[in-house]
Protein chains: 4
Amino acid sequence: MPELTAGTARAVIDAVVARAAEMGVTSNVAVVDSGCHLKAFLRMDGAILGSMDVAIKKARTARLFDMNTEELGPLTAPGGALVGLETTNDGLVTFGGGTPIRDAAGTVIGAVGVSGSSVDDDTLLAGVGTAAAS
Amino acid sequence: MPELTAGTARAVIDAVVARAAEMGVTSNVAVVDSGCHLKAFLRMDGAILGSMDVAIKKARTARLFDMNTEELGPLTAPGGALVGLETTNDGLVTFGGGTPIRDAAGTVIGAVGVSGSSVDDDTLLAGVGTAAAS
Amino acid sequence: MPELTAGTARAVIDAVVARAAEMGVTSNVAVVDSGCHLKAFLRMDGAILGSMDVAIKKARTARLFDMNTEELGPLTAPGGALVGLETTNDGLVTFGGGTPIRDAAGTVIGAVGVSGSSVDDDTLLAGVGTAAAS
Amino acid sequence: MPELTAGTARAVIDAVVARAAEMGVTSNVAVVDSGCHLKAFLRMDGAILGSMDVAIKKARTARLFDMNTEELGPLTAPGGALVGLETTNDGLVTFGGGTPIRDAAGTVIGAVGVSGSSVDDDTLLAGVGTAAAS
C-alpha cells in the first residue's frame, strides 16, 4: 500500500494554510498516516488554542472510520445508531473538518483535520487539504 | 504581550472569594495564564471537592476558546454545530463559570474559573473575578 | 480532626512567597489538604513552568506518606527498600521541598510543596510554609 | 514578549529535516510555543514511530525547564539531586535532543525536540533547529 509521505503531508498543510490565509481565517491543521499517527501539524499564528486538539482528533476520527467526520454526526446524535461512539478512541469529533486521504486506488492512507474557524470553513479547508494530497 | 501576573491572579481570587462569602456560598476558584497553565487556585472551606476539577477546566476552556464557557453550551448541545467538542482537550466545561481575562488591548492573557454553587452564581462570580483583573 | 482551612493555606503561601522574594528566587507553591486534594496554589512570576507539577506532586507525596519528601529519597534509590515506589500514585517526588502540615496534636492535616529553585532552597521554603501553618 | 511564529516553527523544521537528510537519518521534529503547546510537527518518512512522542516530550521538557534536555540527565541519574523528576509533567526526557528557542533578548519563546536517530545525532539536530530560529 502506498504510504502517505512527509512530502504529501506538507503539501496538504501548505494548501490548507494558503487557502485559510486567503479566507482571512486561522487554522490548526493536522495530518495523520494510515496508522492514525501524527505525520505533520501546523498551528497558524492566532489560531484558537483549543482547536489544536480538535484538529488532531478530526484527522484521527476520519482515518479511524474512513469517512468524513461530519458523516458521524447523525449517527451519534440522540436517536442515532451509534450514540456514545464519540466517547471512544480517546474522543471523536463528529462535525465537519476531518477528511480521509486516499491513494489513486481509493485506499485510505491517512487523513487531514482542520479546526479554528466555523464548521463550514473547516470542512471546506479539509477538502482543500485532501485535494492537495492527490 | 502583557503577562497575567501573580498579583493579578491573587486579586481575582480575593474578589471572587469576598463576593462568594457575601453570597453565603463556597467556591473553588482557578486562574490560568495565557498558556492555559494554572497560575493560582483556592478552594474555600466547605467547597464541593468535585468542583475543584470543574473550576480548573472552566478556566482552561475559557482560555482555550477565548470565550465564556456558557457560550459553548448551545454549540455543543444536541443539534448544535459542535456536538462532541466537549470531549476534546481532556474535557471541556460548556456551562457558565469560566471567563477570559483580557489586557487593556483586549488580548486574552488568561482566564478565571469558578465552581461550587449554582451555575448562575458561578457565572456571576467569574464575572466578578474578571472585573477584578482589570 | 481539625481541617486545614483556606486561611491557613493562604498563610502558608504568603510566607513562602515572601521568603522566596527575599531570597531572590521564584517558586511554585502548592498546599493540599488531608485528602491530598489541592487547597491553594500560586506560581510566582517567572517561576519555572515545569516546577508547577513538581510542587503539587511534592505536596501530595508529603501527605501520602506523612513525611518530608527527601526522606523517601534513600528508600527509593538503587538498593533502597522501596525502589520503584516513585512511579506509584501518579508519580511521587523523592527529593526535598514537600513537608506535611500538622495540627497541634501532631495529626497531619495537609502538606506544602515548593518547587522552582535549588533543592536546598525548596526544602528550606517548604519548612517556612509548614511553620506558617501552626 | 515576542511570540514564536508559525514561520519560525517551519524554518526550524525545514533546517532539521534538511540536515537529517544529509546525515542519512530520519527524524521526528516537534516545535512547541512558550505555553508548551505544539506549534508544528513533522515525521520524516521512515522515522521510528515511537520517537514521535519522544520528540514532543523533548520539546516540552526543554521549555518546561528552560534548558537542554541532556542537562537534566545528571540531575535525575541515581545519586542526582532530582531523581524521579522525570516522572512529573506526564513524563520528561532527560537525554539530548530538546533545546529551548530564545528570542533576541534571551527569553525562551518555545523549544524544539528531535528524536529518531542516536542521542548524539538528535542533540546535534536540535541545535541545528535552534540555530534556524534566530
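Select D:Asp122 and the residues around it. Leaving aside neighbours within four places in sequence, D:Asp122 is in contact with D:Lys58, D:Gly96, D:Gly97, D:Val114, D:Ser115, D:Gly116 and D:Ser117. Contact means heavy atoms within 4.5 Å. What you have open is a predicted model, where local features need pLDDT of at least 70, side-chain atom pairs count only at pLDDT 80 or more, and totals for chains, interfaces and linings use all residues. Residues are numbered from 1 along each chain as its sequence is written, chains are lettered from A and ligands numbered from 1 in the order in which they are written, and side-chain values use heavy atoms, with hydrogens and water left out.

Stay on D:Asp122. It sits in helix α4 (residues 119-132) of chain D. Helices (H or I, at least four residues) and strands (E, at least two) are DSSP runs, numbered from the N terminus. Is D:Asp122 buried or exposed? D:Asp122 has a relative accessible area of 2%, so it counts as buried. Buried means under 20% relative accessible area, exposed over 50%, and partly exposed in between (1.4 Å probe, protein chains only). Now show D:Ser117: its backbone nitrogen lies 3.1 Å from a polar atom of the D:Asp122 side chain.

Next, go to chain A and select A:Ala132. This residue lies in helix α4 (residues 119-132) of chain A. A:Ala132 is partly exposed, at 29% relative accessibility. Beyond neighbours within four places in sequence, A:Ala132 is in contact with A:Ala11, A:Val12 and A:Ala15. Add A:Asp14. Its C-alpha is 8.7 Å from that of A:Ala132, while the two residues are 118 apart in sequence.

Move to chain C and pick C:Cys36. Look in the loop between β1 (28-33) and β2 (38-43) of chain C. C:Cys36 is not a glycine, although its phi is positive, about 75°. Its relative accessible area is 11%, so C:Cys36 is buried.

Then select C:Asp90, in the loop between α3 (72-76) and β3 (98-102) of chain C. C:Asp90 also is not a glycine and has a positive phi, about 65°. With 68% relative accessibility, C:Asp90 counts as exposed.

Now bring up the largest pocket. Its volume is about 2,200 Å³. How many residues line the largest pocket? The lining has 47 residues, and B:Arg60, B:Asp90, D:Arg60, D:Asn89 and D:Asp90 lie nearest the centre. Colour the lining by type: 22 are nonpolar, nine polar and 16 charged. Highlight α2 (51-64) of chain A, α2 (51-64) of chain B, α2 (51-65) of chain C and α2 (51-64) of chain D; each supplies at least two lining residues.

Finally, compare whole chains. Lay chain A on chain D: a rotation of 179° with 0.2 Å of shift along its axis does it, at RMSD 0.2 Å. The two copies are therefore related as by a two-fold rotation axis. Find A:Phe41, whose C-alpha is the one in chain A nearest the axis, 2.4 Å from it. Of the interface residues of chain A, 100% are also interface residues in chain D, so these copies meet through the same surface.

Now lay chain D on chain C: the turn is 94°, the shift along the axis 0.7 Å and the RMSD 0.1 Å. These two copies are thus related as by a four-fold rotation axis. Only 7% of the interface residues of chain D are also interface residues in chain C, so these copies meet through different surfaces.

Methods
On a 1 Å grid over the protein atoms alone, a cavity is a set of points where a 1.4 Å probe fits but cannot get out, and a pocket is an open set with protein on both sides within 12 Å along at least five of seven lines; lining residues have an atom within 4 Å of a point. Grid points are joined across faces, edges and corners, and a volume is the space filled by probe spheres set on the points. Ala, Val, Leu, Ile, Met, Phe, Trp, Tyr, Cys and Pro count as nonpolar, Asp, Glu, Lys and Arg as charged, and the others, Gly among them, as polar. A polar contact is a pair of N or O atoms within 3.5 Å; within protein, one must be able to donate a hydrogen and the other to accept it, and residues adjacent in sequence count only if both atoms are side-chain atoms. Copies are superposed by least squares on the C-alpha atoms of residues with pLDDT of at least 70 in both.
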